[in-house]
Amino acid sequence: MLIRHVRPWGGERSDVVLAGDRIAAIRPHDPAAQPSGEVVEGRGRLLLPSFSDVHVHLDSTRIGLPFRPHTGGPGVWTMTMNDRENWRSAEVPLVERVAGTLERMIARGTTRVRSYAQVDVDCKLEKFEAVVAAKEKFAGQAEVQIMTFPQAGILREKGTAEYLEASLKAGADVMGGIDPCTLDRDPKGHLDVVFALAEKYQVEVDIHLHEPGELGVFSTDLILDRTRALGMQGKVTMSHAYELGSVSESVSRRIIDEFAELDIAMATVAPSARGQLSLVDLTEAGVRVGLGEDGQRDYWSPYGNCDMLDRTWQLAFTNNFRRDELIEMSLAVATMGGASIMSHDVARLAGVGDRPGLAVGDRADLLLVDGETPSSAVMDRGTDRTVLHDGVVVADRLALVRG
Ligand SMILES: [Zn+2]
């Protein structure tokens with residue numbers, strides 16, 4: 001396949017040759033060339049790696065349903081109960097909602113997804129199975145990893161750990177944990193279950209951490225200890241963790257250095273919170289950082305529209321980035337940063353100036369989008385998009401291409 005006349009990362013006008021699911025050659029654009037095989041017309045658009053959403057709750061989505069006034073209260077437990085009261089009475093069955101949301105994400109340029117699937121004594125495996133069904137439905141259009149996620153804690157309600165284990169037996173890719181101190185109020189008990197199940201089923205760990213300041217650092221230190229003791233380097237991700245930079249300069253530095261040393265990744269959803277670890281410092285230290293959209297217009301929040309280009313704008317905006325180099329770094333995080341969390345064969349970003357994903361030999365998961373430069377594409381968020389997954393065109397102009 002030939003992708004004719006594109007500008008990789010905004011650079012020179014090029015023709016890109018694909019062989020199977022890989023980039024085989026990148027040549028200066030030749031307007032006179034008469035290719036024989038399949039051709040994708042780039043029309044001078046930007047060529048970027050496709051997006052990787054490494055923190056999305058596909059199972060709680062209300063995308064495509066009538067807009068609903070927000071009824072959640074403060075705190076994780078109150079919000080969990082608000083979701084529990086309402087999710088079953090949505091206008092459309094869960095399986096359709098989840099599939100429709102994933103479809104919309106792919107259509108907008110996301111081909112790598114790490115989705116949460118809430119498992120507890122209320123929903124049991126119903127949400128997990130809906131995410132599995134969507135993953136299978138779009139197996140040819142996107143790579144999806146599923147995290148079994150104790151949204152309601154593990155120790156608060158008897159039987160939760162057994163349902164979590166059942167989801168791992170059924171093929172969950174990642175073991176989730178959440179706020180070991182503030183939700184279960186038993187950090188050792190919580191993390192013992194999380195790491196034991198991860199070890200038993202040989203899966204990675206992803207901890208959803210909303211805890212504030214010193215408490216968040218305390219929980220993080222417990223996770224660092226376990227990662228080191230169990231030899232789980234490269235197998236742990238911290239999600240949110242948006243106050244780890246709030247304690248002191250030296251604590252921030254220590255955490256970033258330990259994350260780099262133990263290859264602990266960070267997944268952010270670009271919150272407006274103060275006290276975050278510096279995205280520039282994390283990237284310069286070689287910590288894998290990925291971006292996600294979190295809930296999609298659900299019972300938790302009215303935000304989220306399945307468009308990672310929008311969320312990349314939010315990442316740049318909440319970091320107060322203005323320089324092109326930093327806005328482009330946000331794109332690198334949203335694309336290959338996340339890819340490097342989902343697959344450790346993908347290199348960590350080498351620093352602020354690294355623009356990976358478009359070299360010969362790289363996986364042909366690609367996005368063509370209109371825009372003058374990568375930064376202007378983040379500001380304008382054009383709709384003239386073409387999406388490829390494993391060398392196959394899967395979406396064009398925000399709609400799926402049915403193969
Ligand atoms: Zn989340």
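## Exercises on strand pairing, burial and the zinc site

In strand β11, M266 is the bridge partner of M238. The model examined in these exercises is predicted.

**Exercise 1.** Determine how strand β11 is placed between its neighbours, and which residues cover its two faces.

*Solution.*
Step 1. Begin with the β10 side. Strand β10 (residues 236–240) and β11 run parallel and are joined by 3 bridges.
Step 2. Follow the chain between these two strands. It leaves β10, passes through helix α7 (residues 249–262) and enters β11, a β-α-β crossover that is right-handed.
Step 3. Turn to the β12 side. Strand β12 (residues 289–291) pairs with β11 in the parallel sense, again over 3 bridges, and L291 of β12 stands opposite T268.
Step 4. Trace this second connection. Helix α8 (residues 279–285) lies within a right-handed β-α-β unit formed with β11 and β12.
Step 5. Examine the faces. In a regular strand, side chains alternate between the two faces of the sheet. In β11 (residues 265–268), A265 and A267 are buried on one side, while M266 and T268 are buried on the other, and both faces are thus covered.

**Exercise 2.** Identify the protein donors of the zinc ion and classify their arrangement.

*Solution.*
Step 1. List the donors. H55, H57 and H208 each contribute NE2, and D294 contributes OD, at 2.1 to 2.3 Å from the zinc ion.
Step 2. Consider the angles. Four donors count as tetrahedral if all angles lie between 85 and 135 degrees. Around the zinc ion the 4 donor atoms subtend angles of 88 to 164°, so the arrangement is irregular.
Step 3. Place the donors along the chain. Their spacing is H-x1-H-x150-H-x85-D. Because H55 belongs to strand β5 (residues 51–57) and D294 to strand β13 (residues 294–295), this pair ties together parts that are 239 residues apart in sequence.
Step 4. Assess the accessibility of H55. Its relative accessibility is 0%, and therefore H55 counts as buried.

**Exercise 3.** State how many disulfides the structure holds, and whether C123 and C181 are buried or exposed.

*Solution.*
Step 1. A search of the whole structure yields 0 disulfides.
Step 2. Buried means under 20% relative accessible area. C123, with a relative accessible area of 2%, is buried. C181 also counts as buried, at 12% relative accessibility.

**Exercise 4.** Describe the surroundings of helix α1 and of Q141.

*Solution.*
Step 1. In helix α1 (residues 76–86), the buried residues are V76, M79, T80, N82, D83, R84 and N86.
Step 2. These buried residues pack against β6 (110–118), α3 (126–137) and β8 (174–178).
Step 3. Q141 is located in the loop between α3 and β7 (143–149). At 13% relative accessibility, Q141 counts as buried.
Step 4. Leaving aside residues up to four places away in sequence, Q141 touches I106, T111, H389, V394 and L400.

**Exercise 5.** Give the strand order of the open sheet of 8 strands, and explain why one side of β3 and of β17 is left without a neighbour in the sheet.

*Solution.*
Step 1. The order is β3-β2-β1-β4-β14-β15-β16-β17, with mixed pairing.
Step 2. β3 (22–28) and β17 (399–400) stand at the edges; each has a single partner strand, so one side of each lacks a neighbour in the sheet.
Step 3. As an example of pairing, strand β1 (residues 2–8) and strand β2 (residues 14–19) run antiparallel and are joined by 3 bridges. V16 in β2 is the bridge partner of I3.

Terms used. Residues numbered from 1 in each chain as written. Predicted model: local features only at pLDDT ≥ 70, side-chain atom pairs only at ≥ 80, totals over all residues. Heavy atoms only, no water. Donors = N, O, S within 2.8 Å, 3.2 Å for Na, K, Ca; no water. Tetrahedral: all angles 85-135°; square planar, octahedral: opposite > 155°, others 65-115°. Helix = DSSP H or I, 4+ residues; strand = E, 2+ residues; numbered from the N terminus. Buried < 20%, exposed > 50% of the residue type's maximum accessible area, 1.4 Å probe, protein only. Disulfide = S-S within 2.5 Å. Pairing = 2+ DSSP bridges. Right-handed = clockwise from strand over helix to strand, strands pointing away. Contact = heavy atoms within 4.5 Å.
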